[in-house]
Amino acid sequence: MTRYSVEPDAAVPHSKSRGSHLRVHYKHCREIAHHIKGMPANKASKFLEDVLARKAIVPFTRHTGGIGRYGKAIEKCRRQGKVACEATAVVRDLLSNAIANGETKGLDAEKLFISHAQVNRAPPGRRRTYRAHGRIGKYASQPAHIELILSEKQEGVEKAEEDDGEGARGKKITKKMAAKRRFVKIGGDSA
C-alpha cells in the first residue's frame, strides 16, 4: 500500500490516485495540479480535455521563467501560460483513474471534487551530452510524483433564522467582551 502525504478523514467518502516516477516535466505538472485543485472533477476533466485540444491554456504562477504571455491566460486572471500537452495527458489519466476508483467505492461522480492535488520532484533521470573539446555535460530529466484525492461534496447546512443570540448568528462580540466573559471574579464585595 502506498503512502499519501495527506490521509483524509475516514468518515468523509473519498477516492485516491497516484503516479510515481512519471517521466513528464515536474514544473508543468505542478502548475496543472495547482490550477485544478478545488475544482469539481467533471469540470477539471473538461478543462484538461480543452488543453489537449488547444482550446484552453494552463496558467503558470510559480515557474514562470521563459514562459510566454498568451491571451488565453487572461481568462484565468494570469498573463503567462502554456499548453503542456504531455503533462496534461498524464494528469487527465490520473484524474479519470481517481473518478473510476470513486465509482467503484459507490461515490457519485457528479459530486466529486479535487480536495488534494500534489506534485513532488522525483529523482532526475541522468543521461549525458557531449560538449566541445572532449567534455561531457549532464542531460537530466525532471520527472514527477503526482497524487490526487477526490472527495464528495457535502450538503450545505441551512442558516438559522433567529435574530437574537450571540456570536455567528446574532450580535457581534468583540475580543474584549469575550475576554471579560471568560474572566471569573474571585472573592466578593463586602460593601
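This briefing covers two helices and the salt bridges of the structure above. The model is predicted. Helix 3 has its buried residues on the same side. Helix 1 is largely enclosed by the rest of the structure, because nine of its 11 residues are buried. The salt bridges come to six.

**Helix 3**

- Helix 3 runs over residues 85-104, which makes 20 residues.
- At 1.5 Å a residue, helix 3 should span 28 Å, and its end C-alpha atoms are indeed 28 Å apart.
- Its buried residues are A87, T88, V91, L94, L95, A98, I99 and G102.
- These residues cover an arc of only 140° around the axis, so they sit on the same side of helix 3.
- E86 and T104 are exposed on the other side of helix 3.
- The buried residues of helix 3 pack against two other helices, helix 1 (26-36) and helix 2 (41-52).
- They also pack against strands, namely strand 1 (14-22), strand 2 (58-59), strand 4 (112-121) and strand 7 (144-152).
- After helix 3 comes G106, with a positive phi near 90°.

**Helix 1**

- The buried residues in helix 1 are Y26, H28, C29, R30, E31, I32, A33, H35 and I36.
- Their cover includes helix 2 and helix 3.
- Strand 2, strand 3 (81-82), strand 4 and strand 7 are also among the elements that cover them.
- G38 follows helix 1, and its phi is positive, near 90°.

**R30 and its partner E31**

- R30 lies in helix 1.
- Its relative accessible area is 12%, under the 20% cut-off, so R30 counts as buried.
- Leaving aside residues up to four places away in sequence, R30 touches T61, R62, H63 and V119.
- R30 forms a salt bridge with E31, with the closest N and O atoms 3.1 Å apart.
- Both E31 and R30 are buried.

**Other salt bridges**

- E7 and K16 meet through their side chains in a salt bridge, at 3.0 Å from N to O.
- E7 is exposed, with a relative accessible area of 52%, whereas K16 is buried, at 17%.
- D50 forms a salt bridge with K46, and their closest N and O atoms are 3.0 Å apart.
- D50 and K46 both lie in helix 2, four residues apart, which is about one turn of the helix.
- D50 is buried, with a relative accessible area of 18%, while K46 is exposed, at 51%.
- A network of salt bridges links E49, R92 and D93.

Note on methods: Residues numbered from 1 in each chain as written. Predicted model: local features only at pLDDT ≥ 70, side-chain atom pairs only at ≥ 80, totals over all residues. Heavy atoms only, no water. Expected span 1.5 Å × (residues − 1). Buried < 20%, exposed > 50% of the residue type's maximum accessible area, 1.4 Å probe, protein only. Arc of directions from axis to C-beta. Contact = heavy atoms within 4.5 Å. Salt bridge = Lys/Arg side-chain N within 4 Å of Asp/Glu carboxyl O.
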